[in-house]
Amino acid sequence: MTEASEAVAALIERAGRSDFDGWRRSVLRLGGCTNPIHLVGSAAYVDAATGAALHSYTSEALGGRLLVACGNRRATVCPTCAQLYRADTYQLIRAGLVGGKAVAETVSGHPRVFATLTAPSFGPVHSRRERGGRVLACRPRKAGEYCPHGAPVGCHTRHAEDSPRLGEPLCPRCYDYAGAVLWQAQSGELWHRFTLELRRVLARRAGLSSSAVAGYIAKYATKGAESAGAVDGRIRHGKDLATLPVRDHVLRMIGTCWWLGALPSFEELRLRRWAHMLGYRGHFSTKSRHYSTTLGVLRSARAEHREREQRSALGLDDRDAVLVGQWRYAGRGYSPEAALLAASVREGGDGHGH
């Protein structure tokens with residue numbers, strides 16, 4: 001019996017249990033999250049004045065576990081939660097540009113600049129160039145020109161957008177891996193110093209429409225180093241480098257992190273801890289305390305909305321009720337039958353087989 005058929009059989013068996021409806025709802029409400037967190041415990045709505053329980057539920061009534069979405073922002077880890085994070089990022093940025101989400105519309109009149117900054121070069125790499133909608137040669141050079149290591153200094157290929165060679169060095173021996181790692185490890189501090197200076201010199205400039213800016217930045221909200229072919233989890237031991245499923249260029253970056261991380265001069269950079277991120281230790285975005293709303297506020301608003309829906313479904317709209325509960329961590333992931341149901345949600349189904 002194949003894994004798929006075993007999952008179908010398990011789902012059919014689960015459908016015959018008395019707790020199936022509660023279990024099914026707990027999976028569907030995750031919206032297709034790929035790696036949910038398991039909680040066990042109980043919760044109840046109690047009357048704020050009398051303390052009487054108005055409605056209660058336990059993890060046992062939900063198939064033994066309460067499943068909670070993982071909330072991971074990386075698309076390679078969980079596309080569903082990453083999509084939600086990307087949407088929140090869009091709303092956060094847009095609110096800071098034109099208002100909304102409790103931010104005054106007067107912010108639309110504030111000075112603003114949308115600038116794209118490019119990191120320094122650490123050696124020639126394959127790239128995709130366009131002009132007038134036409135894809136150009138990667139790195140045109142005269143035939144017969146070679147670097148000191150005997151590799152061609154040019155590339156006449158017109159790379160596709162998804163080419164795995166994009167970003168790869170033309171000659172790995174010419175590429176400054178140590179410089180690249182150290183720049184990424186200190187880019188957070190470099191950015192901090194840059195923004196301090198930027199505030200002193202920027203004046204208002206014409207830019208794109210606000211939605212375009214928000215959409216552009218939100219596009220990268222769920223990307224990490226794994227988007228460049230790296231791994232999405234920390235590397236615990238040096239011996240693991242030999243079995244990493246990555247390209248040579250990425251492996252050299254990770255290996256350089258591991259090598260530099262052992263040197264006392266770079267101890268404070270914690271390069272081994274962040275080797276899976278190719279040395280980068282920060283977050284993709286940062287904002288001042290006075291700009292826009294926050295991701296925390298957006299998440300709280302969504303949680304409050306869901307609680308209002310739940311109260312309404314339970315007939316507690318007019319009651320002064322307080323939700324109390326006790327939960328503890330009990331693992332993560334899906335059983336085969338739950339994974340099958342979650343997959344149907346991700347593929348556009350509703351769990352009914354439509």
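**Figure 1. R129 and the positive surface patch around it in the predicted model.** R129 is partly exposed in this predicted model, with a relative accessible area of 30%, and this residue belongs to strand β4, which covers residues 129-131. Together with R131, R134, R141 and R158, R129 forms a positive surface patch.

**Figure 2. The salt-bridge network of R128, E130 and E161.** R128 and E130 form a salt bridge in which the closest N and O atoms are 3.2 Å apart, and the side chain of R128 also meets that of E161 in a salt bridge, with 3.8 Å from N to O. The pair of R128 and E161 links distant parts of the chain, since R128 lies in the loop between α3 and β4 whereas E161 lies in the loop between β5 (134-136) and α4 (177-185), 33 residues apart. Salt bridges that share partners thus join R128, E130 and E161 into one network. The members of this network are covered to various extents: R128 is partly exposed at a relative accessible area of 29%, E130 is likewise partly exposed at 45%, and E161 is exposed at 63%. As general background, side chains of opposite charge can pair when their charged atoms come close.

**Figure 3. The salt bridge between E13 and R17.** The side chains of E13 and R17 meet at a distance of 3.2 Å from N to O, and this pair is shown as one example from a model in which the count of salt bridges comes to nine. E13 is partly exposed, with a relative accessible area of 45%, and R17 is also partly exposed, with a value of 39%.

**Figure 4. A nonpolar surface patch made by V8, I12 and L340.** The three residues V8, I12 and L340 make a nonpolar patch of about 260 Å² on the surface. L340 is found in helix α9, which runs over residues 336-346, and L340 counts as partly exposed because its relative accessible area is 33%, a value between the limits of 20% and 50%.

**Figure 5. A102 and L278, two residues with a positive phi.** Most residues other than glycine have a negative phi. A102, although not a glycine, has a positive phi of about 75°, and this residue lies in the loop between α3 (79-98) and β4. L278, which is also a residue other than glycine, has a positive phi near 60° and lies in the loop between α7 (248-261) and α8 (295-313). Which of the two residues is buried and which is exposed? A102 counts as exposed because its relative accessibility of 86% is over the limit of 50%, whereas L278 counts as buried because its relative accessibility of 9% is under the limit of 20%.

**Figure 6. The whole protein chain, given as the setting for the close-up views, with its nine helices and six strands.** The C-alpha trace of the protein chain spans about 80 × 60 × 50 Å along its principal axes. The radius of gyration of the protein chain is 26 Å, while a compact globule of 354 residues would have a value near 20 Å. Buried residues make up 32% of the 354 residues in the protein chain, and L278, shown in the preceding view, counts as buried.

Note on methods: Residues numbered from 1 in each chain as written. Predicted model: local features only at pLDDT ≥ 70, side-chain atom pairs only at ≥ 80, totals over all residues. Heavy atoms only, no water. Patch = residues over 30% accessible without salt bridge, like charges linked within 9 Å, V, L, I, M, F, W, Y side chains within 5 Å. Areas by Shrake-Rupley, 256 points an atom, 1.4 Å probe, with all protein chains shown as cover. Salt bridge = Lys/Arg side-chain N within 4 Å of Asp/Glu carboxyl O. Lys, Arg positive; Asp, Glu negative; His and termini not counted. Charge placed at Lys NZ, Arg CZ, Asp CG, Glu CD. Helix = DSSP H or I, 4+ residues; strand = E, 2+ residues; numbered from the N terminus. Buried < 20%, exposed > 50% of the residue type's maximum accessible area, 1.4 Å probe, protein only. Rg over C-alpha atoms; globule rule 2.2 N^0.38 Å.
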